[in-house]
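Here is a short report on one structure. Look at the model first, then read on.

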Amino acid sequence: MMEIIVKLDDMLHARRMTLTELAEKVDITLANLSILKTGKAKAIRFSTLASICEALDCQPGDVLGFGEPAE
Amino acid sequence: MANKHHLFLITGWALNAAMLISLALTAVLVLAFGVCALAGAGLIHLPIPLEDLKDIKDVPLTLVFLAGAVACASGVFLLALLTLMLLMTGRIVKSADQDPFVEDNARRLMQIGWLLVAMQAVGLGAGMIMALFPKPVRDHVQAGFDFSPVGLLAVLLIFVLAQIFRRGAQMRDELEGTV
């Protein structure tokens, strides 16, 4: 089943940033970011996506993708 | 916010008090049912002042006690259902302080709806049984009620509310997964 996959891990690695640092920068709780990173989130607000893109200086497509979920 | 908390607290207390009263009344009615049944079977003799029975002196006393037993039994059933309903309502009110939009509350509302249906059925049944007794007896012993449109409306409203709560629980679930 194809689905939306979150590539936050790769982006964080590329920017040499930890999840905690990102949480501080975008003002989202670490718990919520973890939910997003582990692919357990059912939906993402545009505002959340915008903050993440701003903090990581990237496009939504850099953080999100569509494909087979990695096991 | 504080007012809302007080409202839930006071409602919870009122429901608990109503439940206690309902249970006490149930006990009294169970006792009354026992007395009526025993007296109806002729196992005990109740001293009843004759002047009170002027208009039912042609009717066998057994019939009066039987009617009393039916009335008490229907009362016990109604109160038992009412107690269950108060218990469910109490649980919903308790959850209202934290998060009322859970599947449990939808289920509880459905159960309250069915309890209301059962209460209507018991009341109707008791009313139909009482109609079998002769008029003088019915003048003295009253139980049950006729079909009530308001009761039916209440049942429908509760069922609709249950569905609203179910939808609320689904929306809450979705919101939980939103970051």
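How many residues does each of chain A and chain B bring to the contact between them? Chain A brings 10 residues and chain B brings 4 residues. On the side of chain B that touches chain A, 1 residue is nonpolar, 2 are polar and 1 is charged. Keep in mind that this model is predicted.

## The build of chain B

Now take chain B as a whole. Its secondary structure comes to 5 helices and 0 strands. Along the sequence, the pattern reads α-α-α-α-α. How spread out is chain B? The radius of gyration is 22 Å, and the globule rule gives 16 Å for 179 residues. The value for chain B is well over that of the rule, so chain B is more spread out than a compact globule. The box filled by its C-alpha atoms tells you about the dimensions: roughly 80 × 30 × 25 Å along the principal axes.

Burial and contacts add to the picture. Of the 179 residues of chain B, 23% count as buried. Take the contacts in chain B with a separation of 6 or more: 82% of them join residues 24 or more positions apart.

## The cores

Which residues have the most contacts inside the largest nonpolar core? They are B:Ala67, B:Ala69, B:Val70 and B:Leu81, in a core of 31 residues. Three helices of chain B, listed below, each supply at least two residues of this core.

| Helix of chain B | Residue range |
|---|---|
| α1 | residues 2-40 |
| α2 | residues 61-96 |
| α3 | residues 103-130 |

Helix α2 of chain B gives the most to this core, with 15 residues.

A second, separate core has 9 residues. Among them are A:Met11, A:Leu33, A:Ile44 and A:Val63.

## Two leucines up close

Return to B:Leu81, one of the residues with the most contacts inside the largest core. Which residues does B:Leu81 touch, leaving out those up to four places away in sequence? It touches B:Leu115, B:Ala118, B:Met119 and B:Val122.

Next comes B:Leu82, which sits in helix α2 of chain B. Is B:Leu82 buried or exposed? It has 20 C-beta neighbours inside 10 Å. A residue is buried if 20 or more other C-beta atoms lie within 10 Å of its own. B:Leu82 therefore counts as buried.

B:Leu82 can also be paired with B:Leu23. In sequence, B:Leu82 and B:Leu23 are 59 residues apart. In space, their C-alpha atoms are 9.5 Å apart.

Note on methods. Residues are numbered from 1 along each chain as its sequence is written. Chains are lettered from A and ligands numbered from 1 in the order in which they are written. This is a predicted model: local features need pLDDT of at least 70, side-chain atom pairs count only at pLDDT 80 or more; totals for chains, interfaces and linings use all residues. Two residues are in contact if their C-beta atoms, placed from the backbone, lie within 7 Å. Ala, Val, Leu, Ile, Met, Phe, Trp, Tyr, Cys and Pro count as nonpolar, Asp, Glu, Lys and Arg as charged, and the others, Gly among them, as polar. A nonpolar core is a set of buried Ala, Val, Leu, Ile, Met, Phe, Trp, Tyr and Cys residues joined through C-beta atoms within 7 Å. A residue is buried if 20 or more other C-beta atoms lie within 10 Å of its own, exposed if 12 or fewer, and partly exposed in between; C-beta atoms are placed from the backbone. Helices (H or I, at least four residues) and strands (E, at least two) are DSSP runs, numbered from the N terminus. The radius of gyration is taken over C-alpha atoms; the globule rule is 2.2 Å times the number of residues to the power 0.38.
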